[in-house]
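Here's a quick briefing to read alongside the model. It goes through the cysteines and then the sheet.

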Amino acid sequence: MASSPPSKRRRKDQSKDDANDVSATSSPTLEKLSPVVVFAHGAGAPSSSDWMIRWKDMLGKALHAVEVVTFDYPYISGGKRRAPPKAEKLVDFHADVVEKTVAKYPGHPLILAGKSMGSRVSCMVACKEGICASAIVCLGYPLKGINGAVRDETLLQLSVPIMLVQGSKDALCPLEKLEVTRKKMKCPSGLHVIDGGDHSFKIGKKHLQTTGLTQDEAEDLALQAIASFLSGSLGER
């Protein structure tokens with residue numbers, strides 16, 4: 001006989017417990033290895049945006065990172081507000097940041113992370129010869145291009161473990177198309193879906209009331225999933 005679904009209060013309390021378990025479930029490996037994270041911004045906002053600052057701090061704590069390195073692509077640095085170039089044109093600059101970071105922290109596992117466009121460029125960088133990333137974290141991967149076409153070529157080339165965090169209402173990454181892509185990928189992949197989240201994981205108030213979670217609690221669960229995936233991936237390498 002199937003058990004009855006938990007009440008909102010029980011779901012909320014359980015979610016709080018799960019979120020608080022991030023360090024407990026994954027910290028032994030991550031704390032021991034102390035990875036270095038290179039975290040790339042999205043197309044429309046620099047590394048100094050509130051979103052990037054907040055997630056930089058959260059990733060650093062959840063992953064026990066020795067440092068989370070952020071940077072600005074040239075098209076947006078110094079207060080510039082130009083349209084971003086094609087992602088491919090950002091790869092060399094991004095890779096240079098990665099190489100300097102690795103030289104600064106030898107012996108620490110390298111995690112490439114990014115928001116939206118930055119996650120796509122991170123995947124391209126991971127495919128470059130000489131870049132030895134241990135894993136990739138994609139926060140809102142833009143699978144669908146402006147013309148509606150699925151941009152899965154880079155994902156299919158990857159050999160590095162990749163963790164994807166997506167909002168269920170993210171128009172740039174329909175979950176059914178992502179699942180098709182993941183089945184074709186040759187690298188290990190994980191997926192955490194933020195229920196009701198948009199491209200930046202923002203959840204509407206009505207949806208939060210339905211789930212019994214707060215925005216912070218929903219994001220804490222995403223961080224738990226990231227930490228758990230990376231702990232397993234790094235522990236196997």
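C123 is buried, with a relative accessible area of 0%. C132, on the other hand, is exposed, at 66% relative accessible area. Keep in mind that this is a predicted model.

**Cysteines**

- Searching the whole structure turns up zero disulfides.
- How far is the sulfur of C123 from the closest cysteine sulfur? That closest sulfur sits in C138, 3.8 Å away, which is too far for a bond.
- The cut-off behind that call is 2.5 Å between the two sulfur atoms, so the C123 and C138 pair, at 3.8 Å, doesn't count as a disulfide.

**The sheet**

- Six strands make up an open sheet, and their pairing is parallel.
- What order do the strands come in? Reading across the sheet, you get β2-β1-β3-β4-β5-β6.
- The edges are β2, covering 67-71, and β6, covering 189-194; each of these pairs on one side only.
- From one strand to the next, the twist averages 15 degrees.
- In general, strands of a sheet pair through backbone hydrogen bonds, in either a parallel or an antiparallel way.

**Where β1 meets β2**

- Strand β1 takes in residues 36-40 and runs parallel to β2, with five bridges joining the two.
- For one of the partners, look at V36: its bridge partner in β2 is E67.

**A helix on the sheet**

- Helix α7, residues 175-184, packs on the sheet and touches both β5 (162-167) and β6.
- The direction of α7 makes about 170 degrees with that of β6.

Definitions and conventions
Residues are numbered from 1 along each chain as its sequence is written. This is a predicted model: local features need pLDDT of at least 70, side-chain atom pairs count only at pLDDT 80 or more; totals for chains, interfaces and linings use all residues. Side-chain values use heavy atoms; hydrogens and water are left out. Buried means under 20% relative accessible area, exposed over 50%, partly exposed in between (1.4 Å probe, protein chains only). Two strands pair if DSSP finds at least two bridges between them. Helices (H or I, at least four residues) and strands (E, at least two) are DSSP runs, numbered from the N terminus. Axes are lines fitted to C-alpha atoms, for helices over the stretch in contact, and angles run from 0 to 180 degrees between N-to-C directions. Contact means heavy atoms within 4.5 Å.
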